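User: Hi! I've got a model open and would love to talk through how it packs. Can you help me out?

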Amino acid sequence: MARSPDDRRHPGETVRHDVGYAPTRDVLIRCGMEVMTQQGFAATGLDALLRRATVPKGSFYHYFDSKAEYGREIMKAYDSFFRHKLDRALNDERLAPLARTRAFVEAAKAGMAKYSYTRGCLVGNLSQEVEALPEDYRSALDEIVKGWQRKVAHCLERAYEAGEIGSADCDALAEFFWIGWEGAVMRARLVKNGLPLDTFIAGFVAGLPRPDEPKARSRRTS
């Protein structure tokens with residue numbers, strides 16, 4: 001009988017038989033996301049990661065040609081996971097638009113607290129070491145963040161339509177949101193609590209244009 005790819009292993013390697021052929025790739029992606037949200041790409045040794053996932057090296061190379069390709073697939077999976085997280089908060093019609101941004105922060109804060117603030121944002125982690133990563137990672141990371149920015153911009157547009165904020169460049173505000181957010185996540189990991197995330201969202205919302213500001217400017221110039 002022909003052996004499955006998971007059985008093509010080097011002498012001495014241990015096979016975890018309850019991880020079948022179909023889910024092995026998902027196990028590797030999930031484990032990679034867990035580790036890289038803690039320590040980034042360069043510090044993640046492949047051998048240690050495979051021991052943690054209890055997957056043989058032969059199986060890894062069945063699914064991925066290299067660690068660089070593996071990292072690309074992890075980025076895609078993390079983007080999908082995070083987009084879902086954003087959509088759940090920012091599209092929640094039960095809340096006013098600005099309250100949805102706060103709901104996202106609260107959900108993210110709970111996620112960080114669950115792991116005692118040892119895990120951050122994968123995209124933020126990789127962005128800090130981008131000079132040492134494959135060149136195409138730079139554009140991939142930038143496109144991921146731009147996708148997240150569009151979701152926040154859309155939410156801010158809804159806030160304007162609802163009369164919660166004044167007229168503004170929502171795309172620029174969304175870019176500012178993510179620049180500040182990544183810094184807040186780093187600080188939360190440093191101090192091991194969620195106060196930097198609270199400070200960030202309070203400052204961001206306080207800096208948004210007030211609904212009456214455009215009218216006030218109009219009266220002054222009339």
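User: Which residues in helix 8 and helix 9 meet each other?

Analyst: Happy to help, and do keep in mind that this is a predicted model. From helix 8, the residues are Leu 173, Phe 176, Phe 177, Gly 180, Trp 181, Ala 184, Val 185, Arg 187, Ala 188 and Val 191. Helix 9 brings Pro 196, Leu 197, Phe 200, Ile 201 and Phe 204 to meet them.

User: How does that contact divide by class?

Analyst: There are 13 nonpolar residues, one polar and one charged.

User: And at what angle do the axes of helix 8 and helix 9 cross?

Analyst: Roughly 160°, with the axes coming within 8 Å. The two helices are therefore roughly antiparallel to each other, as the angle is over 145. The crossing of helix 8 and helix 9 is right-handed.

User: Let me zoom out. How many helices and strands does the protein have?

Analyst: It has 10 helices and zero strands, so reading from the N terminus the elements go α-α-α-α-α-α-α-α-α-α.

User: What share of the residues is buried?

Analyst: Of the 222 residues in the protein, 43% are buried.

User: What about contacts between residues at least 6 apart in sequence: what share joins residues at least 24 apart?

Analyst: That share is 70%.

User: Back to helix 8. How do its axis and that of helix 5 cross?

Analyst: Helix 5 covers residues 97-114 and helix 8 covers residues 170-191; their axes come within 12 Å and cross at roughly 30°. That makes helix 5 roughly parallel to helix 8. This crossing is right-handed.

User: Which residues make the contact there?

Analyst: On helix 5 they are Phe 104, Val 105, Ala 108 and Met 112. On helix 8 they are Phe 177, Trp 178, Trp 181, Val 185, Ala 188 and Arg 189. By class, this contact has nine nonpolar residues, no polar ones and one charged.

User: Now helix 4 and helix 5. Are they oblique or roughly parallel?

Analyst: Their axes cross at roughly 135° and come within 8 Å. That makes helix 4 oblique to helix 5. The crossing of helix 4 and helix 5 is right-handed.

User: Who makes that contact?

Analyst: Phe 82, Lys 85, Leu 86, Ala 89 and Leu 90 come from helix 4. Helix 5 supplies Arg 100, Thr 101, Ala 103, Phe 104, Ala 107 and Ala 108. These residues divide into eight nonpolar, one polar and two charged.

User: Where does Leu 95 lie?

Analyst: Leu 95 is in the loop between helix 4 and helix 5. Setting aside neighbours within four places in sequence, Leu 95 is in contact with Arg 100 and Ala 103.

User: Why do you call Leu 95 partly exposed and not buried?

Analyst: Because its relative accessible area is 31%, and buried means under 20%.

User: New topic: which residues in helix 2 are buried?

Analyst: In helix 2, residues 46-53, the buried ones are Leu 46, Leu 49, Leu 50 and Ala 53. They cover an arc of only 100° around the axis, so they sit on the same side of helix 2.

User: Why would that spacing put residues on the same side?

Analyst: An α-helix has 3.6 residues a turn, so residues three or four places apart point the same way.

User: And what does Thr 54 do just after helix 2?

Analyst: Thr 54 takes a positive phi of about 50° there.

Methods
Residues are numbered from 1 along each chain as its sequence is written. This is a predicted model: local features need pLDDT of at least 70, side-chain atom pairs count only at pLDDT 80 or more; totals for chains, interfaces and linings use all residues. Side-chain values use heavy atoms; hydrogens and water are left out. Axes are lines fitted to C-alpha atoms, for helices over the stretch in contact, and angles run from 0 to 180 degrees between N-to-C directions. Helices (H or I, at least four residues) and strands (E, at least two) are DSSP runs, numbered from the N terminus. Angles under 35 degrees count as roughly parallel, over 145 as roughly antiparallel, 65 to 115 as roughly perpendicular and the rest as oblique. A crossing is left-handed if the near helix is turned anticlockwise from the far one by less than a right angle, and right-handed if clockwise. Contact means heavy atoms within 4.5 Å. Ala, Val, Leu, Ile, Met, Phe, Trp, Tyr, Cys and Pro count as nonpolar, Asp, Glu, Lys and Arg as charged, and the others, Gly among them, as polar. Buried means under 20% relative accessible area, exposed over 50%, partly exposed in between (1.4 Å probe, protein chains only). The arc is that of the directions from the helix axis to the C-beta atoms.
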